[in-house]
Amino acid sequence: MSRIGKLPISIPAGVTVTVQDSVVTVKGPKGTLTQEINPNINIEIEGSTLTVVRPDDEKQNRANHGLYRSLIQNMIVGVSEGYKKVLELIGVGYRVSNQGQVLELALGYTHNIFLGLADEIKVETKTERNQNPLIILESADKQLIGQVCAKIRSFRKPEPYKGKGVRFQGEVVRRKAGKSAGKK
């Protein structure tokens, strides 16, 4: 048995899970998410617990068992609590601002970068004196928020010599020593 796949998922109050034609729909206070699943995988809902069941020990069914259990768990957590990611810009002259769902980034290139975000993502920017600018993203969809964070980070990845770039708050970047001066 899959260690992750066999774990039951508890459904919190205020969240409804429906399964119809191999499509799982999860509704909660933070929104609605849907996920299409493999028809071989069965979902059993008993009271406030949900279990994912596979028909046999075929390799593909074993792989899908844990996958769909994790996806459904992430959807339930997303619609009940939501996900929050904080990115910080480290570097001289790096700035960020937002106009609604459009993020404007100044990352040391000749032109500013404008990034339009989906309506499912709530964005907030903070710029305080003597602090690194912050981008705060909130969403119910874990996959979407992770993809947007990766896109923003790809504009200027943290470099190992000075540590400049866009990174997650609290992320540790391995630093390298620069050139050795005065070797003889």
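**Exercise 1. Arg-54 and its surroundings**

Task: Find where Arg-54 sits along the chain, decide whether Arg-54 is buried or exposed, and name the residue whose side chain joins that of Arg-54 in a polar contact.

Solution:
- Step 1. Arg-54 is found in the loop that runs between β6 (49–53) and α1 (59–80). Keep in mind, as you look, that this is a predicted model.
- Step 2. The relative accessible area of Arg-54 is 10%. Buried means under 20%, so Arg-54 is buried.
- Step 3. Look at the side chains: those of Arg-54 and His-65 are joined by a polar contact of 3.2 Å.
- Step 4. Now turn to the backbone, where the oxygen of Asp-56 lies 3.3 Å from a polar atom of the Arg-54 side chain.

**Exercise 2. The chain as a whole**

Task: Say how many helices and strands the chain has, and work out why the chain is described as more spread out than a compact globule.

Solution:
- Step 1. Counting the secondary structure gives two helices and 13 strands.
- Step 2. For 184 residues the globule rule gives 16 Å, but the radius of gyration of the chain is 21 Å, well over that value, so the chain is more spread out than a compact globule.
- Step 3. For the dimensions, follow the principal axes: the C-alpha trace spans about 65 × 50 × 25 Å.
- Step 4. Of the 184 residues, 35% are buried.
- Step 5. The chain exposes about 11,700 Å², and carbon and sulfur atoms supply 48% of that area.
- Step 6. Finish with charge: there are 28 positive and 18 negative side chains, and the centres of the two sets lie 16 Å apart.

**Exercise 3. Two loop residues and their distant partners**

Task: For Ile-121 and Ala-140, find the loop that holds each residue, and list what each one is in contact with beyond its neighbours within four places in sequence.

Solution:
- Step 1. Start with Ile-121, which is in the loop between β10 (113–116) and β11 (122–126). Ile-121 counts as buried, at 1% relative accessibility.
- Step 2. With those sequence neighbours set aside, Ile-121 is in contact with Gln-101, Leu-137, Glu-138, Ser-139, Leu-144, Ile-145 and Val-148. Take Ile-145 from that list: Ile-121 and Ile-145 are 24 residues apart in sequence, and their C-alpha atoms are 7.1 Å apart in space.
- Step 3. Move on to Ala-140, in the loop between β12 and α2 (142–155). Ala-140 is also buried, at 12% relative accessibility.
- Step 4. The contacts of Ala-140, again without neighbours within four places, are Lys-30, Leu-33, Gly-78, Val-79, Gly-82 and Tyr-83. Ala-140 and Lys-30 are 110 residues apart in sequence, with 6.3 Å from C-alpha to C-alpha.
- Step 5. To set these pairs in context, consider the contacts in the chain with a separation of 6 or more: residues 24 or more positions apart account for 51% of them.

**Exercise 4. Positive phi without glycine**

Task: Ser-22 and Asn-130 each have a positive phi; state the angles and say how exposed each residue is.

Solution:
- Step 1. Ser-22 is not a glycine, yet its phi is about 55°. Its place is the loop between β2 (16–20) and β3 (23–28).
- Step 2. Ser-22 is partly exposed, having a relative accessible area of 23%.
- Step 3. Asn-130, which is not a glycine either, has a phi of about 60°. Look for Asn-130 in the loop between β11 and β12 (134–139).
- Step 4. The relative accessible area of Asn-130 is 74%, which makes this residue exposed.

Notes
Residues numbered from 1 in each chain as written. Predicted model: local features only at pLDDT ≥ 70, side-chain atom pairs only at ≥ 80, totals over all residues. Heavy atoms only, no water. Helix = DSSP H or I, 4+ residues; strand = E, 2+ residues; numbered from the N terminus. Rg over C-alpha atoms; globule rule 2.2 N^0.38 Å. Buried < 20%, exposed > 50% of the residue type's maximum accessible area, 1.4 Å probe, protein only. Contact = heavy atoms within 4.5 Å. Areas by Shrake-Rupley, 256 points an atom, 1.4 Å probe, with all protein chains shown as cover. Lys, Arg positive; Asp, Glu negative; His and termini not counted. Charge placed at Lys NZ, Arg CZ, Asp CG, Glu CD. Polar contact = N/O pair within 3.5 Å; in protein donor to acceptor, adjacent residues only side chain to side chain.
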